[in-house]
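Colleague: Could you walk me through this one? I would like to ask things as they come to mind.

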Amino acid sequence: MTTKIILDLDTGIDDALALAYALGSPELELIGVTGTYGNVLVETGTRNALALLELFGSPDVPVFAGPTHASTRDSFEVLPISEFIHGKNGVGEAVLAEPTAQVQEKSAVDFLIESVREHGDNLVIVPTGPSTTIAAAIDADPSFAENARIVMMGGALTVPGNVSPVAEANVNQDPEATDRLFRTAADVTMIGLDVTLQTLLTYEETAQWRALGTPGGDFLAEATDYYIRSYETNSPHLGGCGLHDPLAVGVAVDPSLVELFDVNLKVDTEGALRGRVIADETRLNDPVKTAHVAINVDKERFVSEFMRRITGLVSR
Ligand code: BDR
Ligand code: CA
């Protein structure tokens, strides 16, 4: 039996790779994409998601728009660092055809709530951007927090942040929302920088996509090369680009890719520590642990699964 999956993306180059990983995984049935802000505006991200679904041969997967900014703010503007990493269009200035499909009228929040009610345990939600939409679903329906199975990309527990000494980019956009998620959701797996900065891609792999000579292969090679170039400037010590968002999908398919640490989490929301993910001291002795943080990853096996699934998808 396949597992149903919803991706909550701020599409985004590694979000595009996460989408490709999900579509290239026969164990998963992608029932919808919800679009959040982050690397790009919601409008740009949902357009990218629609165009990518068409490029990857799944034009019938519906796309829903989430809130356009954090509930603690009035608006959202793309940060210069996001534009540097993902390009103005979110996909490294690689060209994507204008999608023929439209964003659904139903909101992302309603779609998420209805989907958890309908599919329960046979659904996994994979947010790879700010937690704003998930927190809005939690606020709108308390049973959502109890019943949703979430594997999220975000946070950094054992390593420094990537936008401040303590904050990871997705959590940094809306720390209050991630805090609400950690304090209320019954089952959250956190795929943070602890493991995603261990799973790296280089020009050697993108050359394999280019060599396919397909539209999907060309697109992924061009967008990912842009992403690798930004890592060469910002994090030359890594020797490649971080496969953040695809690793969350990888773990949704196969949790044995990572070693998990069970803990109750919170997010600091004040001062210099704003955006830091840390254990919740008030629930330290609670025998029930609601979060499972990936602290180690079988990187060789993941990168090989990543290449097998995505290359298979874009070879067609
Ligand atoms: C996360 O931030 C975004 O830029 C990426 O798409 C990823 O989800 C990494 O910190
Ligand atoms: Ca993302």
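Colleague: Let's begin with Glu-93: is it buried, partly exposed or exposed?

Modeller: This is a predicted model, and in it Glu-93 has a relative accessibility of 39%, so it counts as partly exposed, because that class lies between buried, under 20%, and exposed, over 50%.

Colleague: And where in the chain does Glu-93 lie?

Modeller: Glu-93 belongs to the loop that runs between helix H3 (80-86) and helix H4 (108-119). Its phi is positive, about 65°, although Glu-93 is not a glycine. Most residues other than glycine have a negative phi.

Colleague: What kind of peptide bond joins Thr-11 and Gly-12?

Modeller: The bond between Thr-11 and Gly-12 is cis, with omega at about 0°, whereas most peptide bonds are trans. Gly-12 itself is found in the loop between strand E1 (3-9) and H1.

Colleague: Changing topic, which residues are the protein donors of the calcium ion, ligand 2?

Modeller: The calcium ion (ligand 2) has donor atoms from Asp-10, Asp-15, Thr-128 and Asp-245, at 2.2 to 2.7 Å from the ion. Asp-15 is listed twice, each time with an OD atom, while Thr-128 gives its O atom. Along the sequence, the spacing of these donor residues is D-x4-D-x112-T-x116-D.

Colleague: Are Asp-10 and Asp-15 buried or exposed?

Modeller: Asp-10 has a relative accessibility of 1%, so it counts as buried, and Asp-15 is buried as well, because its relative accessible area is 0%.

Colleague: Now for ligand 1: where does it sit?

Modeller: Ligand 1 sits in the largest pocket. The elements that give two or more residues to the shell around ligand 1 are helix H1 (13-23), helix H7 (169-173) and helix H12 (244-253).

Colleague: Which residues are around ligand 1?

Modeller: Among them are His-86, Met-153, Asn-162, Glu-168, Ala-169 and His-244. Asp-15, Thr-128 and Asp-245 also belong to the residues around ligand 1, and these names appear among the donors of the calcium ion too.

Colleague: How far do polar side-chain atoms of Asp-14, Asn-39 and Asn-170 lie from an oxygen atom of ligand 1?

Modeller: For Asp-14, a polar side-chain atom lies 2.5 Å from an oxygen atom of ligand 1, for Asn-39 the distance is 2.7 Å, and for Asn-170 it is 3.0 Å.

Colleague: And how much of the accessible area of ligand 1 does the protein cover?

Modeller: On its own, ligand 1 has 280 Å² of accessible area, and the protein covers 94% of that.

Definitions and conventions: Residues numbered from 1 in each chain as written. Chains lettered and ligands numbered in written order. Predicted model: local features only at pLDDT ≥ 70, side-chain atom pairs only at ≥ 80, totals over all residues. Heavy atoms only, no water. Donors = N, O, S within 2.8 Å, 3.2 Å for Na, K, Ca; no water. Buried < 20%, exposed > 50% of the residue type's maximum accessible area, 1.4 Å probe, protein only. Near = heavy atom within 4 Å. Polar contact = N/O pair within 3.5 Å; in protein donor to acceptor, adjacent residues only side chain to side chain. Areas by Shrake-Rupley, 256 points an atom, 1.4 Å probe, with all protein chains shown as cover. 1 Å grid on protein atoms, 1.4 Å probe; cavity = no way out; pocket = protein on both sides within 12 Å on 5 of 7 lines; lining within 4 Å. Sits in = over half its atoms within 2 Å of the grid points. Helix = DSSP H or I, 4+ residues; strand = E, 2+ residues; numbered from the N terminus.
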